[in-house]
Amino acid sequence: MLQGKHIVVGISGGIAAYKIPDLIRRLRKEGAEVKVTTTKNALEFVTELTLQTLSGNKVYSDVFAAINEHSTEHISLPDWADLMVVAPATANVLGKMAHGIADDALTTTFCAMRKPVVIAPAMNDKMYANESVRDAVGTLSSRKHITMLDCAVGELACGTTGKGRMQETDAILEAIRFALTPKDLDGKNVLITAGPTQEHLDPVRYITNHSSGKMGNALALECWRRGANVMYICGPVPTLPVVPELYQSDTARYVLTRVTSAQEMADAAFAAADKAHLIILCAAVADFTPQHVADEKIKKVAGQTTQTVELTLTPDIAATLGQRKRDGQILVGFALETTDEQTNAQHKLESKNLDYIVLNSLRDAGAGFGTDTNKVTIYAANGTKKDVPLLSKENVAREIVNSLTV
Ligand code: PMT
């Protein structure tokens, strides 16, 4: 989603500046164009040559030299930019930005910036707790065009542990995507289920499927970026979405519930469903679970060649929520099929009282379980359908949410 975007990276003088070349590299890898502005002190931590080489552009660090060359660079950079990210933002630079002090290349650029700005502070924990710094952070985060990241807790360069670390590059990148996304789901509560479930046979074995959670993660992030309050219920998956911690305790906007079994997923979904405006059921839920879970590991018996496991039906979350659907609530299911795809998907759409069903087929290369891509068809209860070609799961998630009337 950063393809073709113009990003100004502002670096101030903190040890975390050493991470910014990687941020620049990753921004460019995602297709963004990058220009860099720094304070003088930042160049004590990272060289101009590194920044120039990685960004592919001249670095704007000396306001007087720049004025000689391009008389209004501190105006032309903000004009050129779609977004500015200030990382790391030191206590000094936070104070200046909060109070309109513009005495170097970075702060003059920030002062003229009227587009989205992402700020990632980093400093000693005692400095971060200082009242003046708190005030500056509070002032900046109250401005509509600014996304203020909170510091993370962890080891600090000064040898102590505390709240003062700059957030990781993944989180800063996600904050940039967030800041560039229109907030059309602002105030909406979105419930998403994702991942597989595990149905235990005994303390060491379970029945499961190949869902990696990638499609659900992409949907959770897409809804979070659009401003929704996301309730994400996820089975056992290896990776979860990176949702950056925003300063104004935005954690309430993303609530993660980890579950293991279909019953646990159902309990969590039923508890959250009432307040949801939109429900997206992307999980690959086990349809059956062992009737009895053995207390001890099931052993082979000499001469035994077969083993029978009796299975019982799990709650059908989608069908139950379809019956309980309240006025205005939108219910979206998924169908992973291997044959008679359209017929099976449309049957699920009707029988579970869904508003939409997203069909993906294991017969399509690159679609379904575990892949970073998907190819889907979205069927609506009103009879319309939309084909989404093979795209990254991030882009498929965007297409799915774009197709819904919420
Ligand atoms: O996680 P990934 O590796 O990225 O893979 C993504 C995916 C392939 C898992 C996802 O795109 C997908 O297709 N999810 C649905 C998988 C599925 O098998 O659905 P189903 O046909 O069994 O169920 C139909 C619908 O009912 C689904 O919305 C499902 O969440 C829901 N369901 C099913 C059974 C049950 N007990 N409760 C449910 O809510």
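A polar contact is taken here as a pair of N or O atoms within 3.5 Å; within protein, one atom must be able to donate a hydrogen and the other to accept it, and residues adjacent in sequence count only if both atoms are side-chain atoms. The structure is a predicted model, in which local features need pLDDT of at least 70 and side-chain atom pairs count only at pLDDT 80 or more, whereas totals for chains, interfaces and linings use all residues. Residues are numbered from 1 along each chain as its sequence is written, and side-chain values use heavy atoms, with hydrogens and water left out.

A polar side-chain atom of Lys348 is placed 2.5 Å from an oxygen atom of the ligand, while an N or O atom in the side chain of Ser211 lies 2.6 Å from a ligand oxygen, and a polar backbone atom of Leu281 is 2.7 Å from an oxygen atom of the ligand. Of the 780 Å² of accessible area that the ligand has on its own, 95% is covered by the protein (Shrake-Rupley method, 1.4 Å probe; for residues, only the protein chains shown count as cover).

In helix 11 (a DSSP run of H or I, at least four residues, numbered from the N terminus), the buried residues include Met265, Ala268 and Ala272, buried meaning under 20% relative accessible area with a 1.4 Å probe and protein chains only. The twelve residues of this helix, 262-273, should span 16 Å at 1.5 Å a residue, which agrees with the 16 Å between its end C-alpha atoms; the expected span is 1.5 Å times one less than the number of residues.

Leaving aside neighbours within four places in sequence, Ile176 is in contact (heavy atoms within 4.5 Å) with Leu2, Ile7, Leu27, Leu83, Val85 and Val118.

Methods. Helices (H or I, at least four residues) and strands (E, at least two) are DSSP runs, numbered from the N terminus. Buried means under 20% relative accessible area, exposed over 50%, partly exposed in between (1.4 Å probe, protein chains only).
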